[in-house]
Amino acid sequence: MAFKKEIAVMIKDKVEQGETGFCLSQFNQVDVANTANALEEELNLVHTDIYPEVNAVISVRSHKKL
């Protein structure tokens, strides 16, 4: 399980739209968490914990210009 470009695009789109907390339940949740964590610094995200049995929740610390 690793960084997935399709997931990264969706995360960036949601952050650009101003969302501050969301799930991407249609994807493997380990992939979602790994991708979100790879984008953590760039998008000012809170570290996403990996629990494959539940949805990974992606949270934004605060919005900044991308």
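## The big picture

What percentage of the 66 residues in the chain do buried residues make up? They make up 35%. Keep in mind that this is a predicted model.

Let's walk through the layout. The chain has 3 helices and 2 strands, and along the sequence they come in the order α-β-α-α-β. The radius of gyration is 11 Å, close to the 11 Å that the globule rule gives for 66 residues, so the chain is as compact as a globular protein of that length. If you put a box around the C-alpha atoms along the principal axes, that box would be roughly 30 × 20 × 20 Å.

## Contacts and surface

Now for who touches whom. Take the contacts in the chain with a separation of 6 or more: 54% of them join residues 24 or more positions apart.

On the outside, the chain exposes about 4,100 Å², and carbon and sulfur atoms supply 49% of that area. As for charges, there are 7 positive and 10 negative ones, and the mean positions of the two groups are 6 Å apart.

## The nonpolar core

Here's a handy rule of thumb: in soluble globular proteins, nonpolar side chains tend to be buried together. In this chain, the largest nonpolar core has 16 residues, and those with the most contacts inside it are Ile11, Val15, Leu24, Val32, Leu45 and Ile58. Helices α1 (5-16) and α2 (29-38) each supply at least two residues of this core. The largest share, 4 residues, comes from α1.

Let's zoom in on Ile11. Leaving aside neighbours within four places in sequence, Ile11 is in contact with Phe22, Leu24, Val32, Thr35, Ala36, Leu39, Leu43, Leu45 and Ile58.

## Two residues in one loop

Next stop: the loop between α3 (40-43) and β2 (57-59), where you'll find Asn44. Most residues other than glycine have a negative phi. Asn44 is not a glycine, yet it has a positive phi of about 60 degrees. Is Asn44 buried or exposed? Its relative accessibility is 19%, and buried means under 20%, so Asn44 counts as buried.

Thr48 also sits in the loop between α3 and β2. At 1% relative accessibility, Thr48 counts as buried. Which residues does Thr48 touch, not counting those up to four places away in sequence? The list is Ala33, Ala36, Asn37, Ala56, Val57 and Ile58. You've met Ala36 and Ile58 before: both are in contact with Ile11 too.

Note on methods
Residues are numbered from 1 along each chain as its sequence is written. This is a predicted model: local features need pLDDT of at least 70, side-chain atom pairs count only at pLDDT 80 or more; totals for chains, interfaces and linings use all residues. Side-chain values use heavy atoms; hydrogens and water are left out. The radius of gyration is taken over C-alpha atoms; the globule rule is 2.2 Å times the number of residues to the power 0.38. Buried means under 20% relative accessible area, exposed over 50%, partly exposed in between (1.4 Å probe, protein chains only). Contact means heavy atoms within 4.5 Å. Accessible areas come from the Shrake-Rupley method with a 1.4 Å probe; for residues, only the protein chains shown count as cover. Lys and Arg count as positive and Asp and Glu as negative; His and the chain ends are not counted. The place of a charge is taken as NZ of Lys, CZ of Arg, CG of Asp or CD of Glu. A nonpolar core is a set of buried Ala, Val, Leu, Ile, Met, Phe, Trp, Tyr and Cys residues joined through side-chain atoms within 4.5 Å.
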